[in-house]
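Me: I have a model open and would like a close look at one part of it, the strand that begins the sheet. Could you walk me through how that strand sits among its neighbours, and then place it in the wider chain?

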Amino acid sequence: MSSLPAASRSALRHVLTHLVTPLLMCLGMGIAYLSAFHAPAPHQLPVAVVGQGPQTQVLAQTLKDRAGDGLDVTTAADTDAARTRLLDRELVAAYVPDADAPTLLVASANSDTSATVAEKVFTKVAAQQGKPLAVQELTPLPAGDPTGQGLFFLLVALSIGSYGSVAVLGAAGAVLSVRARALLGLGVALVVSLLGAALAGPVFHLVDHGLLGVWAMGWLYSAGIVAIGTALHTFLGRWNTLTMMALFVMLNFTSSGGIFRPELQNGFYGALHSFWNGAGFLEGVRDHVYFGGRAGLGGHVATLFCWLAAGAVLLLAAARAERRQALAPAAPARPVRQTEEEEREEEMEEAVGV
């Protein structure tokens with residue numbers, strides 16, 4: 001490298017420095033997705049055996065002993081009690097023993113993958129009785145989203161639109177005040193959420209009712225990301241892209257419950273699921289669309305408001321920091337290898353191109 005001309009050495013160092021970001025993204029995405037999804041296994045999967053009396057208790061205890069930490073087996077007095085607990089999202093499945101026709105009650109809108117795992121468990125139980133297992137679905141899904149996982153990909157679309165816009169607001173909009181960028185961000189979040197609602201409703205029919213609520217939660221979700229990202233850009237500069245990817249892709253998608261809910265993941269992602277904004281949006285939409293808002297909708301909406309409030313606090317901090325910077329004495333001029341405009345364009349390309 002020492003034999004290269006000075007200009008070539010400078011250019012090479014510049015390229016290598018900028019390669020750090022995509023390489024860290026590669027490493028981060030690999031670690032996040034593989035640690036979250038590579039080996040799903042039930043962990044305290046909540047199921048119930050329906051019935052009363054010694055036989056029901058024995059069956060429930062036997063299942064619990066055999067499954068160990070995999071199942072959290074309880075009993076429900078009757079099918080009505082089991083239905084209520086399923087629609088309140090307290091259970092993944094409820095097994096109704098019957099000498100002639102054993103039945104498994106499921107609410108797949110809660111999580112199709114969790115319901116599938118429960119079905120495999122109780123298919124073996126029914127087979128031991130020499131009977132086929134009948135599965136009764138309590139939450140029919142729309143034809144446009146037969147597995148219920150389309151909402152996860154809606155989350156992906158909203159996230160990309162939001163954090164991709166952050167790069168533009170932070171780089172191309174750097175000459176604007178924080179207040180102006182924040183107002184633009186609210187407008188961007190509105191457009192992103194309207195696009196999401198259009199895709200979820202009339203375009204792909206992921207939801208067949210409650211579209212206004214889906215849009216409202218989409219706006220809260222997008223506005224929170226844009227506010228946080230716009231504020232962090234003041235402090236992180238070109239490293240904001242990597243930070244946004246870590247917060248709203250690596251940790252967000254993996255903990256959202258869109259592919260596997262916490263009962264099929266390790267404790268780390270299960271803990272994130274309880275307060276991360278992607279889980280707040282996805283579980284809130286599920287509660288609203290499939291369970292009539294009865295299963296904790298208010299808590300998920302509160303989560304989205306908390307993330308938006310955090311973004312507002314960070315924006316205030318960014319505005320104060322930029323005011324202090326504007327009042328500080330001008331630093332001595334120093335040679336630069338690249339103009340600010342070129343750096344901003346590269347930052348936008350890194351963010352939108354990933």
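Reply: Happy to! A residue is called buried here when its relative accessible area is under 20%, and exposed when that value is over 50%. By that cut-off, buried residues make up 44% of the 354 residues in the protein chain. Please keep in mind that this is a predicted model.

Now to strand β1, residues 45-50. Six of its six residues are buried, so β1 is largely enclosed by the rest of the structure. In a regular strand, side chains point alternately to one face of the sheet and the other. In β1 both faces are covered: Leu45, Val47 and Val49 are buried on one side, and Pro46, Ala48 and Val50 are buried on the other.

What lies alongside? Strand β2, residues 71-76, pairs with β1 in the parallel sense, over six bridges. Strand β3, residues 93-96, also runs parallel to β1 and is joined to it by three bridges. Val49 is a handy residue to click on, since you can follow it into each partner: its bridge partner in β2 is Thr75, while in β3 Val49 stands opposite Tyr95. The connection from β1 to β2 involves helix α2, residues 54-67, and together β1, α2 and β2 make a right-handed β-α-β unit.

Stepping back, the protein chain has twelve helices and five strands. Its C-alpha atoms fill a box of roughly 85 × 50 × 35 Å along the principal axes. Among contacts with a separation of 6 or more, 74% are between residues 24 or more positions apart.

Leu138 gives a local example of such surroundings. This residue lies in the loop between β5 (134-137) and α5 (150-171), and at 17% relative accessibility it counts as buried. Leaving aside residues up to four places away in sequence, Leu138 touches Arg83, Leu86, Leu87 and Val106. The C-alpha atoms of Leu138 and Ile160 are separated by 33 Å, although the two are 22 residues apart along the chain.

For a helix pair to set beside the strands, try α7 (residues 211-236) and α10 (residues 277-290). Their axes come within 10 Å and cross at roughly 175°, and α7 and α10 are therefore roughly antiparallel to each other. The residues of this contact divide into seven nonpolar, six polar and no charged. Among them are Met217, Tyr221 and Ile225 in α7, and Phe281, Val285 and His288 in α10.

Terms used
Residues numbered from 1 in each chain as written. Predicted model: local features only at pLDDT ≥ 70, side-chain atom pairs only at ≥ 80, totals over all residues. Heavy atoms only, no water. Buried < 20%, exposed > 50% of the residue type's maximum accessible area, 1.4 Å probe, protein only. Helix = DSSP H or I, 4+ residues; strand = E, 2+ residues; numbered from the N terminus. Pairing = 2+ DSSP bridges. Right-handed = clockwise from strand over helix to strand, strands pointing away. Axes fitted to C-alpha atoms, helices over the stretch in contact; angles between N-to-C directions. Parallel < 35°, antiparallel > 145°, perpendicular 65-115°, else oblique. Contact = heavy atoms within 4.5 Å. Nonpolar A, V, L, I, M, F, W, Y, C, P; charged D, E, K, R; others polar.
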